[in-house]
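Here's a quick tour of the fold, from one aromatic ring out to the sheet and the helices around it. Have the viewer open while you read.

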Amino acid sequence: MDQRHESSATSASGTATKPLHCIVKLGGAAITCKNELETINEDNLNVVSAQLRQAMISGPFHGMDWSRRPGSLEIPTVADNFDDQSESGSKKFIVVHGAGSFGHFQASKSGVHKGGLSKPLVKSGFVATRISVTSLNLEIVRALAKEGIPSIGMSPFSCGWSTCERNIAVADISTVFKAIDTGFVPVLHGDAVLDNSQGCTILSGDVIIRHLAEHLRPEYVVFLTDVLGVYDRPPTEPHAVLLREIAVQEDGSWSVLKPKLQDTSRQVEITVSAHDTTGGMVTKIAEAAMIAKLGIDVYIVKAATDYSARALNGHLREDIPNDWLGTVIRLAK
């Protein structure tokens, strides 16, 4: 195994006892107001949390957020009708979220993604970035817990993940593995981490998903975004075309199957926001293609829509219905 890509994927017993159903990426632009510093899109997050619960849990559920919000006088309500029924019917998910309006500003302002921890600005930015992204992680865990999802926040930095030349070097996923095995839903996020070559960098949530998919082999992966899927050009431009299906070859190259583009010589145009330190859609497509190479279907779809609900529930495993809008990235047949 490549020395830069070490991983531990064993549970306490050394083997997996429960297969992983799905890895979900909550895109930062979908769950936050990306142009408003550290502002959560509450409506989208609430809808997505409910859709995730419907995909994971069959039957009744109990809220699991028994904490008092800062500044609130409301006393947490604890259900008194818990029973001892088995949760064996629950499907196993992992959630990974982006930062959106949390973390990106701090990282970009200080240059954390470029390294250089010896510089006071970079070290301060590293701390500020982690404060921001972990605060978002807590709010997402809280939203999922309110829906009865037994979510557990896990920060890559705190779990010992690190990089070398911005590629994953160490990623011990044994804790993630144990959490899944014991019925929890790990909630990871893009994070500021140490880098063996440049001191520090930003580890993208999309890279985290690819690494987890490689070692845990979910049945499928869903990327929830703020647009319907992948377009042939920025979706705000006139005549932008939604790419419905992308086929990935074994060498990692990819081509558009649906729809047939009239100008086949035209390259798909991708833009990255100026403050995005993780590569934006460029990274998303590259990592999705790597996942598809493993034989795992990837669905990129707009969050908090009927289309996202259908993707999360696994309704797209065979043929993609004509009335479903999103992008499917899968291994070429």
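Is Trp324 buried or exposed? Trp324 is buried, with a relative accessible area of 0%. Keep in mind that this is a predicted model.

## The aromatic cluster

Searching the whole structure turns up three aromatic pairs. One of them is edge-to-face: Tyr299 and Trp324 sit 6.4 Å apart centre to centre, with 75 degrees between the planes. The two residues come from distant parts of the chain, 25 residues apart, with Tyr299 in strand 13 and Trp324 in the loop between helix 8 (306-312) and strand 14 (327-331).

Tyr299 is buried too, at a relative accessible area of 0%. Ring pairs also bring in Tyr220, giving a cluster of Tyr220, Tyr299 and Trp324.

## The sheet

Now zoom out to the open sheet. It has nine strands in the order 4-7-3-2-10-13-14-11-12, and the pairing is mixed. Strand 4 (151-153) and strand 12 (254-258) are the edges, each pairing on one side only. On average, neighbouring strands are turned by 20 degrees against each other, direction ignored.

Out towards one edge, strand 11 (residues 245-248) and strand 12 run antiparallel and share four bridges. Within that pairing, Ile246 has Val256 as its bridge partner.

## Strand 10 and its neighbours

Tyr220 from the cluster leads us to strand 10 (residues 220-225), where six of six residues are buried. Tyr220, Val222 and Leu224 point one way, while Val221, Phe223 and Thr225 point the other way.

Strand 10 runs parallel to strand 2 (residues 22-26), joined by five bridges, and parallel to strand 13 (residues 297-302), joined by six. Tyr220 shows up in both pairings: Cys22 stands opposite Tyr220, and in strand 13 the bridge partner of Tyr220 is Asp297.

## Helices on the sheet

Helix 4 (residues 120-146) lies across strand 2, strand 3 (93-97), strand 4 and strand 7 (185-189), and runs at about 155 degrees to strand 7. Helix 5 packs on the sheet as well, touching strand 3 and strand 7, and its direction makes about 145 degrees with that of strand 7.

Helix 5 (residues 174-181) is mostly covered, with six of its eight residues buried. Those are Ser174, Val176, Phe177, Ala179, Ile180 and Asp181. Just after helix 5 comes Gly183, which takes a positive phi of about 95 degrees.

Key. Residues numbered from 1 in each chain as written. Predicted model: local features only at pLDDT ≥ 70, side-chain atom pairs only at ≥ 80, totals over all residues. Heavy atoms only, no water. Buried < 20%, exposed > 50% of the residue type's maximum accessible area, 1.4 Å probe, protein only. Pairing = 2+ DSSP bridges. Phe/Tyr/Trp six-rings, centres within 6.5 Å; stacked < 30°, edge-to-face > 60°. Axes fitted to C-alpha atoms, helices over the stretch in contact; angles between N-to-C directions. Contact = heavy atoms within 4.5 Å.
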